[in-house]
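I opened a new notebook page for this structure. These entries record what I looked up, in the order I looked.

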Amino acid sequence: DACSIIQTIISKLQTQHPNALIITSGDFNHVTMNKVLPTFKQYVSCPTREERTLDLMYDNIKDAYISSPLSGQVRSQPGSPQTLLCASGEEEAYDHKDCEEMSLPGVPTMMDVTGQFDVEFRITVACRNGSIYILRRESEKPKYCIELSSHPVGLVRVGKNVVVGCTDESLQGFTQKGKKLWKIILPAPITTMASMDLPNRGLQAILVGLANCQVQLYREKNLLSTIRTPDMVTSICFGRYGREDGTLIMTTKGGGLMVKILKRTAVFHDRDSAPGPPLAQSVRLNVPKKTKLYVDQTLRERENGLAMHRVFHMDLSRMRLAATRAYVKALESSLTPMSSSVSEPLKMNAVVQGLGPSFKLTLNVQNTASCRPIMNLAISFLYDNNLYRIRKPYMRIPLLVPGLIYPFETFVECTSDKGISDIIKVFVLHEEKSLPLLTAHINMPVSEGLMHN
């Protein structure tokens, strides 16, 4: 059969020329040569007819080639020529061979083409009216429209997204359906744009030439690297040159030509140059699928939405009423650290110092009145005698001048060795009133000294 004939010919050639490069290629359909030629490697990894890989290429050198699909419109039949696509000033785009015509609302200035003519393709066209139109197969008019805030100066397709550079020094990303994904502001006007594709590293990026003699490399909206040039770059091309897969060729405004080769050990790290949230926020969350319980709950809320809303407002009103009643009760019984009396406005805070069993308790009392002093006040404590002993359980307060903070100190000794603590209540009293002016609850810490002993 054909495989045996190919094996015989290649064996004869390898015997006659042992160091020669031997390549065999063609339309193999469903036949493979892996068993017949075990030392040869097949390099075509992209589809050559619709979604099938029928055209193969074998040679006897390892890692000699890298296959990638062309970025233009091609026929889906093997061996068919590429289709010529041209745009005219009459706001139309033509397919030259079949004379197919598509109309546009504006005069086209830039185009980007992807797909196969006989199967499915997309034509992205930037026009002078500041809009971008996306054409599809069997559609005489644009399927989607992207309206820009300024005129486009660059158009590059990266994967399934479209990246546009505008005259307002901005770089914007859109989906195939025209949905805006991101926007960043550049430090200078854009002079040229090109795509940077490295399939062996899984890198798809954009090269942007700027008027400040810089070429910046972006992966989506993240800045990867910056190249400084002696002159303003007017055109960029990235691809294979000789044996090097990553070669960047640039022309400058003064007529210069620069060639840069990417190091094989180069590593790119994202540097988010745009202000805003961090990079981690743009990472998509692994949201679980909707469960049956979630769907049932959604249907219940949709059917009983009015009743649930009324119950919510009723509960909210009850909670507000309970909070108001508790607040009024606290004011009537002076259970707050601030006095509600108009004649004696006071404020007090407490500080507990020490590890135990002896603690230092400092009470800071302040008269918050504007110009009236307060007199005839006293401080009293309410506590558990089995746990604590206070050196000064009752203290008289002198005349309080408005605005000043008066500290009153006393010592609290813990008499229990059980390692527990309790609350000490502090009352500020007036000699002529039966109710306290204000009350403070002090949560005493556990005595660490007794626990250690």
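**Entry 1: proline 373**

I began with proline 373, which counts as partly exposed because its relative accessibility is 43%. I note that the model is a predicted one. Proline 373 sits in the loop that runs between β23 and β24. I then listed what proline 373 touches, leaving aside residues up to four places away in sequence: Asn367, Leu399, Leu400 and Pro402. I also looked up glutamate 344, which is 29 residues from proline 373 along the chain. The C-alpha atoms of these two residues are 8.6 Å apart.

**Entry 2: the whole protein**

Next I took the totals. The protein has 453 residues, and 35% of them are buried. I counted four helices and 29 strands. The exposed area is about 28,300 Å², with 54% of it supplied by carbon and sulfur atoms. I also looked at contacts with a separation of 6 or more, and 43% of these are between residues 24 or more positions apart.

**Entry 3: the largest nonpolar core**

Which residues of the largest nonpolar core touch the most other members? I found Leu346, Met348, Leu363, Ile379, Phe381, Leu400 and Val426, out of 28 residues in that core. I then checked which strands supply at least two residues each to this core, and noted β22 (346–353), β23 (358–367), β24 (377–382), β25 (388–390), β26 (394–397), β27 (405–414), β28 (423–430) and β29 (438–443).

I picked leucine 363 for a closer check. Not counting residues up to four places away in sequence, leucine 363 touches Met348, Asn349, Ala350, Ile379, Phe381, Tyr406, Pro407, Phe408, Val426 and Ile442. Leu400, listed above for the core, is also one of the residues touched by proline 373.

**Entry 4: a three-strand sheet**

I turned to an open sheet of three strands and wrote down the order β1-β3-β2, with antiparallel pairing. The edge strands are β1 (23–27) and β2 (41–42), and each of them pairs on one side only.

As a reminder to myself, strands of a sheet pair through backbone hydrogen bonds, either parallel or antiparallel. Here β1 and β3 run antiparallel and are joined by five bridges. Aspartate 27 has aspartate 55 in β3 as its bridge partner. On the other side of the order, β2 pairs with β3 (residues 55–59) over two bridges, also in the antiparallel sense. I noted lysine 41 opposite aspartate 59 of β3.

Is β3 mostly covered or mostly open? I found it mostly covered, with four of its five residues buried.

**Entry 5: salt bridges**

I counted seven salt bridges and followed up three of them.

The first pair I checked was aspartate 112 and arginine 157, whose closest N and O atoms are 3.2 Å apart. Aspartate 112 is in strand β7 (residues 108–116) and arginine 157 is in strand β11 (residues 152–158), so this salt bridge ties together parts that are 45 residues apart in sequence. I found both aspartate 112 and arginine 157 buried.

My next pair was aspartate 245 and arginine 240, whose side chains meet in a salt bridge at 2.0 Å, N to O. Aspartate 245 is partly exposed, because its relative accessibility is 28%. Arginine 240 is also partly exposed, with a relative accessible area of 48%.

The last pair I followed was aspartate 296 and lysine 292, with a salt bridge of 3.1 Å, N to O. Both lie in helix α2 (residues 292–303), four residues apart, so about one helical turn separates them. Aspartate 296 counts as partly exposed at 37% relative accessibility. Lysine 292 is exposed, since its relative accessible area is 63% and exposed means over 50%.

**Entry 6: a nonpolar surface patch**

Where does the largest share of the nonpolar patch come from? I first listed the members: Tyr241, Leu257, Val259 and Ile261 make a surface patch of about 430 Å². The largest share is three residues from strand β21 (residues 257–261).

A further reminder: in a regular strand the side chains alternate between the two faces of the sheet. I closed with leucine 257, which lies in β21. Leucine 257 is exposed, because its relative accessible area is 60%.

Definitions and conventions: Residues are numbered from 1 along each chain as its sequence is written. This is a predicted model: local features need pLDDT of at least 70, side-chain atom pairs count only at pLDDT 80 or more; totals for chains, interfaces and linings use all residues. Side-chain values use heavy atoms; hydrogens and water are left out. Patches are made of residues with over 30% relative accessible area and no salt bridge: like charges are joined within 9 Å, nonpolar side chains (Val, Leu, Ile, Met, Phe, Trp, Tyr) within 5 Å. Accessible areas come from the Shrake-Rupley method with a 1.4 Å probe; for residues, only the protein chains shown count as cover. A salt bridge is a side-chain nitrogen of Lys or Arg within 4 Å of a carboxyl oxygen of Asp or Glu. Buried means under 20% relative accessible area, exposed over 50%, partly exposed in between (1.4 Å probe, protein chains only). A nonpolar core is a set of buried Ala, Val, Leu, Ile, Met, Phe, Trp, Tyr and Cys residues joined through side-chain atoms within 4.5 Å. Contact means heavy atoms within 4.5 Å. Two strands pair if DSSP finds at least two bridges between them.
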